[in-house]
Amino acid sequence: MDLIATTADLAAACSRLAQHKVITVDTEFLRETTYYPLLCVVQIASADEAVVIDTLAPGIDLKPFFELMGNEAVLKVFHAARQDIEIVWHQSGTIPHPIFDTQVAAMVLGYGESIAYDQLVERVTGHRPDKTHRFTDWSRRPLTSEQMHYAISDVTHLRDVFAALDADLKKRGRSDWVSEEMEVLTSPRTYDFHPERAWERLKTRVRKPKELAVLMEVAAWREQEAQSRDVPRGRVLKDDAVSDIATHAPTTPERLANLRSLPKGFDRSKWGSDIIAAVHRGLARDQATLPKLEKPRGNSNGAATVELLKVLLRMTSERHAVASKVIATVDDLDQIAADDAADVAALRGWRRELFGEAAIALKHGKLALAIEKGRVVRVDRA
């Protein structure tokens, strides 16, 4: 169990690790008070060794680690890889590739929705991981021996989990299913958070094009402000305040001051002026260039169709032992209910074969659902 704190030691370790076809990787980071995650520790294991990298060590250059992450000859195994990949992408412009995400593999193999690492380790290996340091402050130095042991165990158990899941995927002929998901996880677009697209992350439902235009501008301003100050979005402006501004479109400090979702005096600050300017930009946008707003579904039959599709999805999930979340989302079902040719993952590739074709057949009465001996079953109709 080695702690790497110099560039020379890191380069030597990465050179050794690069000789292996498979390595397991995990990161420890903090992001409670920052926009960008602060990478504190990286742990990596091969079949021969396990190392801990002190990424905050004075003078250390992480270039050898980033080069290892981009080495096409080495498969990098993560659990719930998205945030780990985001950190590497932000710091180096490198997307780890190729990768294998054990959380995704577990969903494909029927271990449930987004299973936690410790639960997966226990179910696959029978070992119960120590969770003592899950919420420790990884930025504090020196690292304790207990922290080191915890960090190492994350990647050593991951070796056994990967071996078991990989074998099961090959046995069931589902390796390609996971590979498709890995292509999404390793696409730069997945981590390309342009301020112009920040509004897409909000759950706000706007009803008018004017509201959408203001929402887009205010959300973009908040994103840029959070990035420039390196603080969480909520520290700049809460989500409910962004929604409030989009709905009321205040164009003067007086109108901004009337919004209860904003702190007292906010209207007189520089940020208040910035928001008013963003509102004006939104109101000036050409509404013809805006994304189309989803119309509320007033048709009860449309809602009933979605409910039937949910039943079919759950039945498919249980029958094939695949987490429903990885087959189709609720948004997928909404779009399928409205359009047979909807551009959703559930109507492409293995998902279409497993669920999509049946979903369309159900919509058109070519397939029915019935209860037989206490279980929902599909009934094909001529």
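**Burial, salt bridges and a pocket in a predicted model**

Ser 317 is buried, as its relative accessible area is 13%, which falls under the 20% limit for that class. This serine belongs to helix H13. The model discussed here is a predicted one, and Ser 317 makes a handy starting point for a walk through it. From the C-alpha of Ser 317 to that of Val 242 the distance is 37 Å in space, with the two positions 75 residues apart in sequence.

Helix H13, which covers residues 300-320, also holds Val 311. Is Val 311 buried, or partly exposed? With a relative accessibility of 36%, Val 311 counts as partly exposed, because the value lies between the 20% and 50% limits. Val 311 joins Ile 371 and Val 376 in a nonpolar patch on the surface, and together the three residues offer about 260 Å² of accessible area.

Some overall figures help to place these residues. The protein has 382 residues, and 47% of them are buried. Its secondary structure consists of 16 helices and eight strands. The C-alpha trace spans about 70 × 60 × 35 Å along the principal axes.

Turning to charged contacts, the whole structure contains 21 salt bridges. One of them pairs Glu 217 with Arg 285, where the closest N and O atoms are 3.2 Å apart. Why does this pair tie together separate parts of the chain? Glu 217 sits in helix H8 (residues 209-229), whereas Arg 285 is in the loop between helix H12 (270-284) and H13, so the bridge connects parts that lie 68 residues apart in sequence. The two partners also fall into separate accessibility classes: Glu 217 counts as buried because its relative accessibility is 15%, while Arg 285, at 30%, counts as partly exposed. Arg 281 takes part here as well, since a network of salt bridges links Glu 217, Arg 281 and Arg 285.

Two further salt bridges can be described in the same way. Arg 348 and Asp 343 meet through their side chains with an N to O distance of 2.7 Å. In this pair, Asp 343 counts as exposed, at 67% relative accessibility, and Arg 348 is partly exposed, with a relative accessible area of 44%. The side chains of Asp 380 and Arg 378 form another salt bridge, with 3.0 Å from N to O. Asp 380 counts as exposed, its relative accessibility being 57%, whereas Arg 378 has a relative accessible area of 35% and is partly exposed. In both bridges, then, an exposed aspartate is joined to a partly exposed arginine.

The search for empty space rests on a simple idea. Rolling a probe the size of a water molecule over the atoms reveals where such space remains. The second largest pocket has a volume of about 430 Å³. Which residues lie nearest the centre of this pocket? Of the 17 residues in its lining, these are Arg 31, Tyr 35, Glu 86, Phe 193 and Arg 233. Helix H3 (residues 82-92) supplies the largest share of the lining, with five residues. Sorted by class, the lining of the second largest pocket comprises six nonpolar, six polar and five charged residues.

How values were computed
Residues are numbered from 1 along each chain as its sequence is written. This is a predicted model: local features need pLDDT of at least 70, side-chain atom pairs count only at pLDDT 80 or more; totals for chains, interfaces and linings use all residues. Side-chain values use heavy atoms; hydrogens and water are left out. On a 1 Å grid over the protein atoms alone, a cavity is a set of points where a 1.4 Å probe fits but cannot get out, and a pocket is an open set with protein on both sides within 12 Å along at least five of seven lines; lining residues have an atom within 4 Å of a point. Grid points are joined across faces, edges and corners, and a volume is the space filled by probe spheres set on the points. Helices (H or I, at least four residues) and strands (E, at least two) are DSSP runs, numbered from the N terminus. Ala, Val, Leu, Ile, Met, Phe, Trp, Tyr, Cys and Pro count as nonpolar, Asp, Glu, Lys and Arg as charged, and the others, Gly among them, as polar. Patches are made of residues with over 30% relative accessible area and no salt bridge: like charges are joined within 9 Å, nonpolar side chains (Val, Leu, Ile, Met, Phe, Trp, Tyr) within 5 Å. Accessible areas come from the Shrake-Rupley method with a 1.4 Å probe; for residues, only the protein chains shown count as cover. A salt bridge is a side-chain nitrogen of Lys or Arg within 4 Å of a carboxyl oxygen of Asp or Glu. Buried means under 20% relative accessible area, exposed over 50%, partly exposed in between (1.4 Å probe, protein chains only).
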